[in-house]
2 protein chains.
Amino acid sequence: MQTLTVELPDRHYPIHVGPGLLDDASLLTPHFTGRQVMIVTNETVAPLYLERLKTTLADYDVHEVILPDGEATKNLEHVERIWDALLAAGFNRRATLIALGGGVTGDMTGFAAASYQRGIAFIQVPTTLLAQVDSSVGGKTGVNHPRGKNMIGAFHQPRAVIVDTDTLNTLPARELTAGLAEVIKYGLIRDVDFMTWLEDNMAGLRSLEAPLLTEAILKSCAIKAEIVVEDETEQGVRAHLNLGHTFGHAIETAMGYGNWLHGEAVGAGMMMATGLSQRLGWLDEATLERVASLLNAAGLPRHAPTEVSAERFLELMHLDKKVTDARLRLVLLKALGKACITDEVNETTVRELLENWERQ
Amino acid sequence: MQTLTVELPDRHYPIHVGPGLLDDASLLTPHFTGRQVMIVTNETVAPLYLERLKTTLADYDVHEVILPDGEATKNLEHVERIWDALLAAGFNRRATLIALGGGVTGDMTGFAAASYQRGIAFIQVPTTLLAQVDSSVGGKTGVNHPRGKNMIGAFHQPRAVIVDTDTLNTLPARELTAGLAEVIKYGLIRDVDFMTWLEDNMAGLRSLEAPLLTEAILKSCAIKAEIVVEDETEQGVRAHLNLGHTFGHAIETAMGYGNWLHGEAVGAGMMMATGLSQRLGWLDEATLERVASLLNAAGLPRHAPTEVSAERFLELMHLDKKVTDARLRLVLLKALGKACITDEVNETTVRELLENWERQ
C-alpha cells in the first residue's frame with residue numbers, strides 16, 4: 001500500500017492505494033465520526049463488493065443504499081433516496097457515508113453528505129479507474145439537471161479515499177482503457193517522466209499488475225492534487241485538466257451519451273489537441289507519433305467518429321464553452337508535459353484539422 | 001441607517017438596518033458577483049415589495065421566482081423551482097440570489113445558492129421581524145423533510161443582509177409580536193441592559209417607530225452574531241438561543257403547526273423556563289413578574305394551551321431532544337441576562353411546574 005496526503009487549507013486527508021484494502025478496517029474506521037455508517041453503492045458493484053465491505057465493518061451500525069447504475073441516474077431523485085435512507089435509519093450528524101462505486105456514486109454520495117443536516121463526513125471507495133484517478137480529488141460533488149451536467153452540487157471533501165486496486169479485476173476492459181485516458185492526460189499536461197513511465201509499463205497496467213496500478217493511480221492523484229491546490233478558484237491551471245475535453249465532449253454529445261465512453265472520447269480528443277498543437281508548430285512530428293503510440297497501447301481511439309463532420313464539431317465545441325464569447329478557448333500542448341490555454345487559434349486552422357482528421 | 005459587521009473566519013458581511021433601504025441600490029449592488037440577479041420571494045411579499053426592489057435594480061439583468069407562502073412550502077420541491085429558474089434564465093456561477101421575504105424564503109434561497117453550480121452569492125432582504133433578528137445571522141440554510149425539520153441544508157453565509165424596517169408596516173401585528181419573542185430572548189439570555197431598554201421601549205416598538213426598530217434589530221443581530229462566533233460548532237453557548245424552545249416546540253407540535261406561531265410558543269415557553277428557574281431558587285418572585293410584564297407588553301402569551309396536559313408536555317419535550325438519553329436537557333436562567341444549560345433538573349420539579357401552570 002502507498003499513501004498520498006492531500007493538503008487542504010484547513011485540514012488534510014489520505015488517499016490509500018494498494019491491493020486488498022477493502023478488508024482493512026483500520027484504514028476506514030479512524031475517519032468515522034460515530035458508529036452510524038451508510039454505504040452507498042449501485043446494482044453493479046453491490047454484488048461484487050458490498051458484503052465484503054460490510055464484513056470489514058461488522059463492529060459498526062452499517063446500513064446500505066443500492067442505487068441503479070449509470071450516468072443517467074446521477075440526479076436529485078437518487079440523492080433523495082440517500083437522504084431518505086439516512087432519516088429512515090435515524091442517523092444523526094455524526095453518521096458517515098461511504099461511496100462504494102464509480103464517479104457517479106461518489107458524486108451523488110458526496111452531495112448527499114454535504115447537504116444532510118448541513119454536512120456530514122464521507123469516505124470515497126472508488127472502484128473504477130476513472131473515479132480512482134479523477135473524481136476522488138478536488139472535492140466536487142453533485143448531480144446533473146435536465147438542463148445541464150453537474151449543475152447542482154457542492155464542494156465537500158472526503159475524510160479519506162481508499163483505492164483497492166483489486167476492484168479493477170472486475171472492471172470491464174473497455175472501462176479500464178477509458179480510465180487510462182485520464183492517466184495519460186496527467187503525463188501529457190504536466191509530467192513527461194510519467195509519460196515515459198507509462199510508455200514502459202502500459203502492458204503491465206492493462207494486465208492489472210498491482211504495483212504498477214498503485215504507482216499510476218498515486219501519481220495521477222498527486223498531479224491532480226497539485227493542480228487543484230495551485231488553483232482553487234478554477235481561474236487558471238485547473239483548466240489544463242480539460243486537455244482533450246472540448247473535442248471529447250463534442251464527440252460524446254454528437255454520438256449520444258454512453259456510445260463513446262467519456263474516457264474514449266477524451267482519448268480521441270487529446271489526440272486531436274496534440275494534432276492541433278503540432279499544426280501550430282509547437283510539437284514535432286515525432287512527438288505526435290509518440291502520443292499516438294501511447295494512446296494506441298492503452299487501447300484508446302485516435303480517430304473521430306464518421307458521424308461527426310467538421311461543421312458539427314465546431315458547432316458543438318462552441319456550445320461547450322462555459323462563457324459565451326466568439327473565440328474558441330482550447331487546452332493545447334506547448335510541449336510534451338506542458339499544457340497551455342489559448343483562445344488565439346485561428347478557426348480556419350481548427351477547421352482544417354477537423355476536415356482532414358481520420359474518421360472511422 | 002445603522003450597520004453591523006458580522007466577522008467570519010475568512011471574510012465579513014454587513015447587516016444594514018433602517019427605513020427605506022429597499023430603494024437604495026448602493027447597499028445591494030457592491031455585493032453582486034455579476035449582472036445576473038434572481039429575486040426569490042413569495043405570493044404574500046411579491047405584491048408588496050417585488051416591483052420596488054426591481055425598480056431599484058433596473059440596471060441589472062433581474063429575474064424572479066415567486067413561491068407559495070408558509071412553513072409547509074419549505075421543501076426540496078420549491079428549491080428545485082429556484083434551480084430551474086436559474087437554469088432557464090441561463091444564469092452562471094456569477095449570478096446572485098436575493099431572498100426577499102421571511103425565514104422560509106431565506107432558508108430556501110440560501111440552500112439554492114449553496115448548491116447551484118457548487119455555490120453562488122446570495123443576499124438576504126428579510127421582511128419579517130423574526131427573519132430580521134434570527135435567520136439572517138448564522139449561515140444556516142435548508143429545507144424540511146417529511147421525517148424532520150431542517151434535515152437537508154448547508155451552511156452558506158450571505159454577502160449582505162438588508163433590513164428595511166419599513167417592511168414591518170405591512171407585517172400582521174400577530175407576526176410582529178411573535179418576532180418580539182426572539183428579541184426579548186436576547187435580553188433574557190445575555191443582556192439585562194437590553195432587557196431594560198425593551199421594557200422602556202416596548203410600546204414604541206409595537207407602534208413601529210423606525211429608530212427603535214433599528215436599535216432592537218441591530219442589538220438582536222449583534223448578540224446572535226456574538227454567540228455564533230463564540231460557538232461555531234454548536235457544542236456550547238449556542239444552545240442558549242433555544243431558551244423557551246423545548247417548552248415551545250412541545251406546544252407547537254401538540255397544537256399543530258400554524259395554530260400557535262413559533263414566536264408565540266417561544267414566548268410562553270420562555271415564561272415557563274423562567275418559572276422553572278424561579279422554582280429552582282435561581283430567580284426571585286420579582287424577576288419572574290418582570291419577565292411576565294415584558295412578555296405581556298409585547299402581546300405574547302404566558303399561559304399554556306388547555307389542550308396540552310403535563311403528561312403530554314413531558315412526552316413531547318423528551319421527543320424534542322436531538323440526542324437520545326434519559327434526562328431532559330433544558331436552557332434556563334441562572335439570573336436575568338444569564339442563561340445556562342442543565343440536565344440536572346429533577347423531572348418531578350418539571351412535572352409540578354407543568355401541572356400548576358396556567359392553562360387557557
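In chain A of this predicted model, the centres of domain 1 and domain 2, taken over C-alpha atoms, are separated by 27 Å. To find the two domains of chain A, look at residues 2–170 for domain 1 and at residues 174–356 for domain 2.

Now turn to the place where these two domains touch. Domain 1 of chain A brings 25 residues into contact with 26 residues of domain 2 of chain A. The size of an interface is often given as the accessible area lost when the parts come together. For domain 1 and domain 2 of chain A, that buried area is about 2100 Å², with 71% of it on carbon and sulfur atoms.

Which interactions cross this boundary? The rule finds one salt bridge across the interface of domain 1 and domain 2 of chain A. In a salt bridge of chain A, the side chain of K224(A) meets that of D134(A), at 3.0 Å from N to O. The interface between the two domains also has three residue pairs in polar contact, both residues being at pLDDT 80 or more. On the domain 1 side of chain A, at least two residues each come from strand 1 (2–7), strand 2 (12–18), helix 5 (129–135) and strand 8 (148–155). Sorted by character, the residues on this side of domain 1 that touch domain 2 are 13 nonpolar, eight polar and four charged.

Let us step back to see how the two chains are arranged. A turn of 180° with a shift of 0.0 Å along the axis lays chain A on chain B, and the RMSD is 0.0 Å. That is the relation of a two-fold axis. Of the interface residues of chain A, 96% are also interface residues in chain B, so the copies meet through the same surface.

The meeting of the chains can be described in the same way as that of the domains. Here 26 residues of chain A are in contact with 26 residues of chain B. Chain A and chain B bury about 2400 Å² between them, and carbon and sulfur atoms give 59% of this area. Three residues of chain A lose the most area to chain B, namely L87(A), R118(A) and M151(A), which together make up 30% of what that side buries.

How many salt bridges are there between chain A and chain B? The count is zero. Polar contacts do cross the interface of chain A and chain B, where the rule finds eight residue pairs, both residues at pLDDT 80 or more. Helix 3 (76–88), helix 4 (103–115), strand 7 (140–145) and strand 8 of chain A each supply at least two residues of the side that touches chain B. That side of chain A divides into twelve nonpolar, seven polar and seven charged residues.

Finally, consider salt bridges over the whole structure: it holds 30 of them over all chains. One of the salt bridges joins the side chains of K54(A) and E64(A), at 2.3 Å from N to O. This pair links distant parts of the chain, with K54(A) in helix 2 (residues 46–56) and E64(A) in strand 4 (residues 61–67) of chain A, ten residues apart.

Terms used
Residues are numbered from 1 along each chain as its sequence is written. Chains are lettered from A and ligands numbered from 1 in the order in which they are written. This is a predicted model: local features need pLDDT of at least 70, side-chain atom pairs count only at pLDDT 80 or more; totals for chains, interfaces and linings use all residues. Side-chain values use heavy atoms; hydrogens and water are left out. Domain bounds come from an automatic or database domain assignment. Contact means heavy atoms within 4.5 Å. Buried area is the accessible area (1.4 Å probe) that two parts lose on being put together, summed over both. A salt bridge is a side-chain nitrogen of Lys or Arg within 4 Å of a carboxyl oxygen of Asp or Glu. A polar contact is a pair of N or O atoms within 3.5 Å; within protein, one must be able to donate a hydrogen and the other to accept it, and residues adjacent in sequence count only if both atoms are side-chain atoms. Helices (H or I, at least four residues) and strands (E, at least two) are DSSP runs, numbered from the N terminus. Ala, Val, Leu, Ile, Met, Phe, Trp, Tyr, Cys and Pro count as nonpolar, Asp, Glu, Lys and Arg as charged, and the others, Gly among them, as polar. Copies are superposed by least squares on the C-alpha atoms of residues with pLDDT of at least 70 in both.
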